[in-house]
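Here are a few short exercises to work through at your own pace. Have the sequence and the model side by side, try each task, and then read its solution.

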Amino acid sequence: ENSPLKTSTCSSVNPSGIFVSPYALNLSSFTKLVKRLQERHPEFSKHEIVEAVQEVRKNNKGVLSGLAISSIEEKASAIL
């Protein structure tokens with residue numbers, strides 16, 4: 001039987017064949033967020049900024065999806 005392939009709704013593979021989790025923050029958005037926070041808080045290292053973003057995620061039930069980038073930026077700034 002020739003049935004069409006069904007795609008999973010819970011994960012995807014991008015054109016280069018790399019698995020992409022639906023729970024991952026869009027990498028370009030994450031990069032932009034970190035860059036904005038570095039410009040806003042030059043006294044903190046990139047590592048400290050990433051830790052602050054992770055803290056925001058932890059405080060938001062383990063996810064960043066559903067939060068506006070500006071909101072994540074504000075919450076991370078408060079942590080820093």
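## A salt-bridge network

Glu74 is partly exposed, with a relative accessible area of 46%. Keep in mind that this is a predicted model.

**Exercise 1.** Find the salt-bridge partner of Glu74 and say which helices the pair joins.

*Solution.* Start from the side chain of Glu74: Arg40 is its salt-bridge partner, with 3.1 Å between the closest N and O atoms. Next, place the two residues: Glu74 belongs to helix α3 and Arg40 to helix α1, so the pair ties together parts that are 34 residues apart in sequence. Arg40 itself is partly exposed, at 36% relative accessible area.

**Exercise 2.** Which residues are linked with Glu74 in a network of salt bridges?

*Solution.* Step one: Arg40 also meets the side chain of Glu73 in a salt bridge, 3.2 Å from N to O. Glu73 lies in helix α3 and Arg40 in helix α1, so this pair ties together parts 33 residues apart in sequence. Step two: Glu73 forms a salt bridge with Arg36 as well, and here the closest N and O atoms are 2.5 Å apart. Arg36 is in helix α1 and Glu73 in helix α3, so these parts, 37 residues apart in sequence, are tied together too. Step three: put the pairs together, and Arg36, Arg40, Glu73 and Glu74 form one linked network.

**Exercise 3.** Is Glu73 buried or exposed?

*Solution.* The cut-off for buried is under 20% relative accessible area. Glu73 has 7%, so Glu73 is buried. Its partner Arg36, at 39%, counts as partly exposed.

## The faces of helix α1

**Exercise 4.** Work out where the buried residues of α1 sit around the helix.

*Solution.* First list them: Ser29, Leu33, Val34 and Leu37. Viewed down the axis of α1, these residues fall within an arc of 135°, so they line one face of the helix. The general rule helps here: an α-helix has 3.6 residues a turn, so residues three or four places apart point the same way. Then look at the face turned away from the buried side, where you will find the exposed residues Leu27, Lys32, Lys35 and Glu39. Finally, ask what the buried residues pack against: α2 (46-59) and α3 (69-79).

## The core

**Exercise 5.** Which helix supplies the largest share of the largest nonpolar core?

*Solution.* The core has 10 residues, among them Leu33, Ile49, Val56 and Ile72. Helices α1, α2 and α3 each supply at least two of its residues. The largest share, four residues, comes from α2.

Note on methods: Residues are numbered from 1 along each chain as its sequence is written. This is a predicted model: local features need pLDDT of at least 70, side-chain atom pairs count only at pLDDT 80 or more; totals for chains, interfaces and linings use all residues. Side-chain values use heavy atoms; hydrogens and water are left out. Buried means under 20% relative accessible area, exposed over 50%, partly exposed in between (1.4 Å probe, protein chains only). The arc is that of the directions from the helix axis to the C-beta atoms. Contact means heavy atoms within 4.5 Å. A nonpolar core is a set of buried Ala, Val, Leu, Ile, Met, Phe, Trp, Tyr and Cys residues joined through side-chain atoms within 4.5 Å. A salt bridge is a side-chain nitrogen of Lys or Arg within 4 Å of a carboxyl oxygen of Asp or Glu.
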